[in-house]
Amino acid sequence: IVVCPTPAGEPSKRLEELQQGRLTLLNHQRRFAGGDDWFTPGGEQAPRLWRFHLQYHGWLVELARDYQATGDESCLNELRRWLLDWMRVCRPWTAGFAQDAWNSYAISQRLWHWREIVHAVPPAFWRHPGLPRAVFLASAADQAEYLSR
């Protein structure tokens, strides 16, 4: 997967876009508000490749990198919001879970991106009561275990 980062020192527009309830992946923007949008973005059936990119979480890495570039805590708050929403909504063994969210390739890409997030956020990110590091790591371990099977 090729990720085209923004030039050094220039934050992406990802934070603003997400705060406005939109998400652009593969040059196609859709309404995205979390919840059911993890499966049917904007209430419509998105192409599977778009849905896979949604599940890879590469776009969340952009928020972590934007924080590094700007120090804007809003980037971390938005990142935490989406990680929590994904863990709440995209649980294993729910209807349709394996099609996109828990597809083996999606898991492998997401775990790689989560690794990038861990290295990009400050230690204080994990002290937030809403998303302690243990919860995040438990989800990563569950995904790795599922992938190994």
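This report looks at one pocket and at the two helix packings around helix H6 in a predicted model.

Let's start with the pocket. The second largest pocket holds about 160 Å³ of space. Its lining is made up of Trp 86, Met 87, Cys 90, Arg 91, Pro 92, Trp 102, Val 135, Ala 138, Ser 139, Asp 142 and Gln 143. Sorted by class, that lining comes out as seven nonpolar, two polar and two charged residues. Two helices, H4 (73–89) and H6 (133–148), each give at least two residues to the lining. H6 has the largest share, with five residues.

Now for how H6 packs against its partners. Two packed helices are described by the angle between their axes and the distance between the axes. Here are the two pairs side by side:

| Helix pair | Axes come within | Crossing angle |
|---|---|---|
| H5 (residues 104–120) and H6 | 10 Å | roughly 150° |
| H4 and H6 | 11 Å | roughly 50° |

Take H4 with H6, where the axes cross at roughly 50°. That angle makes H4 oblique to H6. The crossing of H4 past H6 is left-handed. On the H4 side, the contact uses Leu 83, Trp 86 and Met 87, and these meet Val 135, Phe 136, Ser 139 and Gln 143 of H6. By class, the residues of this contact split into five nonpolar, two polar and no charged. There's some overlap with the pocket here: Trp 86, Met 87, Val 135, Ser 139 and Gln 143 take part in the H4 contact with H6 and also belong to the pocket lining.

Then there's H5 with H6. How do these two helices run relative to each other, roughly parallel or roughly antiparallel? The axes cross at roughly 150°, and angles over 145 degrees count as roughly antiparallel, so H5 and H6 are roughly antiparallel to each other. H5 also passes H6 in a left-handed crossing. From H5, the contact draws on Ser 104, Ile 107, Ser 108, Arg 110, Leu 111, Trp 114 and Val 118. Facing them from H6 are Arg 133, Phe 136, Ser 139, Ala 140, Gln 143, Ala 144, Tyr 146 and Leu 147. The residues of this contact come to nine nonpolar, four polar and two charged.

A few H6 residues turn up in both packings. Phe 136, Ser 139 and Gln 143 meet H4, and these residues meet H5 as well. Of these, Ser 139 and Gln 143 are also among the residues lining the second largest pocket.

Terms used
Residues numbered from 1 in each chain as written. Predicted model: local features only at pLDDT ≥ 70, side-chain atom pairs only at ≥ 80, totals over all residues. Heavy atoms only, no water. 1 Å grid on protein atoms, 1.4 Å probe; cavity = no way out; pocket = protein on both sides within 12 Å on 5 of 7 lines; lining within 4 Å. Points joined across faces, edges and corners; volume = space filled by probe spheres on them. Helix = DSSP H or I, 4+ residues; strand = E, 2+ residues; numbered from the N terminus. Nonpolar A, V, L, I, M, F, W, Y, C, P; charged D, E, K, R; others polar. Axes fitted to C-alpha atoms, helices over the stretch in contact; angles between N-to-C directions. Parallel < 35°, antiparallel > 145°, perpendicular 65-115°, else oblique. Left-handed = near helix turned anticlockwise from the far one by under 90°. Contact = heavy atoms within 4.5 Å.
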